[in-house]
Amino acid sequence: MMLVIDVTKGMQTQSAECLVIGQIACQKLIVVLNKIDLLPEGKRRAAIDRMAKKMQRTLENTKFRGAPVIPVAAKPGGPDAPETEAPQGIPELIELLTSQISIPTRDPSGPFLMSVDHCFSIRGQGTVMTGTILSGSVSLGDSVEIPALKVVRKVKSLQMFHTPVSSAMQGDRLGVCVTQFDPKLLERGLVCAPESLRTVHAALISVEKIPYFRGSLQTKAKFHITVGHETVMGRLMFFSPAPDSLDREPVLDSFDFSREYLFQEQYLCPAAADAAEADEKAGRASAGRCPRQQWALVEFEKPVTCPRLCLVIGSRLDADIHANTCRLAFHGVLLHGLEDKNYTESALPTLRVYKLKQKHGVVERVLDDHSVIGRSLFKKETNIQLFVGLRVHLSTGELGVIDSAFGQSGKFKVHIPGGLSPESKKILTSTLKKRGRAGRGEAAEPEEAERPEPAQPVGLSLSFKRYVFDAHKRMVQSP
C-alpha cells in the first residue's frame, strides 16, 4: 500500500481511514509525502523531517511500524504548471517500490475472475474492460459473464500494455474486448467465468470490530457494507459461540451449521471496560470473558454478487466526513452466502442461534413432600400450559418440573420427583402464617385456616433456550 500524504497538512480523517483499510488488507506500507514543492526551499528539509517523524509516531502502534517514508512532488507547481516541470523524487519512489514488492506465485487454475476498473467502447470492435485478473485464466474465444448485467459475452481480443495476447492469467493487467454492450452500465465491477459467482441476498460473516470506531455494534443496526466494488446497506444480527465453546480456535474459511450459537444484542469487545455489562446485555453469564470469534448475519437491502471468502468492511458513511472520527466500524470474511430470495424460510431455520432465557420466581408454599406452589415466575396473562414439563431449580438444591397452572393469577404447581429434603422442608415450613382466605381465583383447601409460608424466600429458577429462527418459538432445555 502506498499512503500519499499532503506534506503541508499531514494526516487527515480520510488518510486515517485509508491507514485502517491498509491494516486490514495489506502487509506492507510505503508513506509518500507529496507536494514538497510547496514548502519554502530554505525550510524544506526540516519540514520534511518533522512530518516524517510525525508519520512514524502515527505508525508506532500499527503493523506498519518503521515503514519507509519518502518525499516527492508528483506535479510541481500544481495542475496548471507547464509539463516541462519535472516531478521530484519519483525515480527514488519507483526504486523503493521495487525493493519492497515481492512477486507472488501465480496460479492459472480455478475459475476466471477479474476486477474491472475501467470500461469503454471502440467503434466497430466492441466494448473493452480493463482490470486485474484475481484468479484463473482467460483466452481468446472464451465466454465471460458480467454478473452485474446478467449477460455473457465472447472474448474477441486481449491486450496487455497495448500488446495483443492470446491468453492471460492471475495477476495480469489486462484489456478484454467483448461483443458490444453499453459501457456506461459497468464503470467498475467483476467479470468471471459463466455461473462461477453467486448473487446473495444475505450472508454469514466473521466479524472483528475496528478499534478506532467509537460507537457500539448493535444487533438490528444498519451499516454500509462494502463487498468488492459494491457498497450496499445491510442490517446485522451478531452471535457468538455457545458458552462452552468460547475458546475454540477461530475458523475463517467456513461456517459450521451443525453447531449452536448464542444470540448477542451487540458485538462483544474484548478490550472494553464495560465487557461485563455487554456480557449481561448479550444474555451471556457475565464472567469477564469474550469469545475468540464472533459472527454476524448480514441482510442486504439489495442483492450483491461476490466470491466466497471475500473481504467485508462495515462502515457508517453517513457520518460527518469533517468530524475527527473513524467511520469504519468492522471488517470480516464472507463465509457463507444465502442465494435464495426466500432465505428467511429456506435457510435461516438451519442457523441454530438461540437466546438464553432465564426467569426467577419464589416458592409460595408446600403442598406435600413432592409438590410446591410457585409464584412470580410468570405474568398473570401467561399461558402456563406452554411451560408444563420444563425443569425448574429450587434455591435449596432440588430439581422440579412444572406440573400445571394453579388458579388464574400466574401461580403454578411444581412436582419434585426426588421429594423435598428434610432441610428444605424445615426452611419452607419454619413459619406458619394465617391466611384467612385463598388468593383470588385460587382453589381453596377446606378446613385449613393456616398454611405454611416460608420464613425466607426459596427461589425458583427456570432456564431455557429459544431459537431465533424457529417459527414455532419452542422452548428447549439442555438434557
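The legends below describe an overall view and several close-up views of one predicted protein model.

Residues are numbered from 1 along each chain as its sequence is written. In this predicted model, local features need pLDDT of at least 70, side-chain atom pairs count only at pLDDT 80 or more, and totals for chains, interfaces and linings use all residues, while side-chain values use heavy atoms, with hydrogens and water left out.

**Figure 1. Overall view of the protein chain with its six helices and 28 strands.** Helices (H or I, at least four residues) and strands (E, at least two) are DSSP runs, numbered from the N terminus. Along the principal axes, the C-alpha atoms fill a box of roughly 110 × 60 × 35 Å. The radius of gyration of the protein chain is 33 Å, whereas a compact globule of 479 residues would have a value near 23 Å. This radius is taken over C-alpha atoms, and the globule rule is 2.2 Å times the number of residues to the power 0.38. Of the 479 residues, 41% are buried; buried means under 20% relative accessible area, exposed over 50%, and partly exposed in between (1.4 Å probe, protein chains only). The accessible surface comes to about 26400 Å², and 52% of it belongs to carbon and sulfur atoms. Such areas come from the Shrake-Rupley method with a 1.4 Å probe; for residues, only the protein chains shown count as cover. Among contacts (heavy atoms within 4.5 Å) with a separation of 6 or more, 66% join residues 24 or more positions apart.

**Figure 2. Close-up of the aromatic pair Phe-378 and Phe-412.** A pair of aromatic rings is described by the distance of the centres and the angle of the planes. Rings of Phe, Tyr and Trp (its six-membered ring) pair if their centres lie within 6.5 Å; planes under 30 degrees apart count as stacked, over 60 as edge-to-face and the rest as tilted. By this rule the model has 13 aromatic pairs. The ring centres of Phe-378 and Phe-412 are 5.3 Å apart and the planes stand at 70°, so this pair is edge-to-face. Phe-378 belongs to the loop between strand S21 (371-375) and strand S22 (391-394), and Phe-412 to strand S24 (residues 412-415), so the pair ties together parts that are 34 residues apart in sequence. Phe-378 and Phe-412 are both buried.

**Figure 3. Close-up of the aromatic pair Phe-387 and Phe-464.** This pair is edge-to-face, with 6.1 Å from centre to centre and 70° between the planes. Because Phe-387 lies in the loop between S21 and S22 and Phe-464 in strand S27 (residues 459-467), the pair ties together parts that are 77 residues apart in sequence. Phe-387 is buried at 6% relative accessibility, and Phe-464 is buried at 3%.

**Figure 4. Close-up of Gln-477 and its contacts.** Gln-477 is located in the segment after strand S28 (475-476) and is buried, with a relative accessible area of 17%. A polar atom of its side chain lies 2.8 Å from the backbone nitrogen of Arg-391. The side chain of Gln-477 also reaches the backbone oxygen of Ser-463, at 2.9 Å. Beyond neighbours within four places in sequence, Gln-477 is in contact with residues including Leu-390, Leu-462 and Phe-464.

**Figure 5. Close-up of Ser-424 in helix H6 (residues 422-428).** At 2% relative accessibility, Ser-424 counts as buried. Its side chain makes a polar contact with the side chain of Glu-398, at 2.5 Å. A polar contact is a pair of N or O atoms within 3.5 Å; within protein, one must be able to donate a hydrogen and the other to accept it, and residues adjacent in sequence count only if both atoms are side-chain atoms. Not counting residues up to four places away in sequence, Ser-424 touches Thr-396 and Glu-398.

**Figure 6. Close-up of Cys-310 in the loop between strand S17 (294-306) and S18.** Cys-310 is buried, with a relative accessible area of 12%. Although Cys-310 and Val-227 are 83 residues apart in sequence, their C-alpha atoms are 7.2 Å apart in space. Leaving out residues up to four places away in sequence, Cys-310 touches Val-227, Gly-332, Val-333 and Leu-334.
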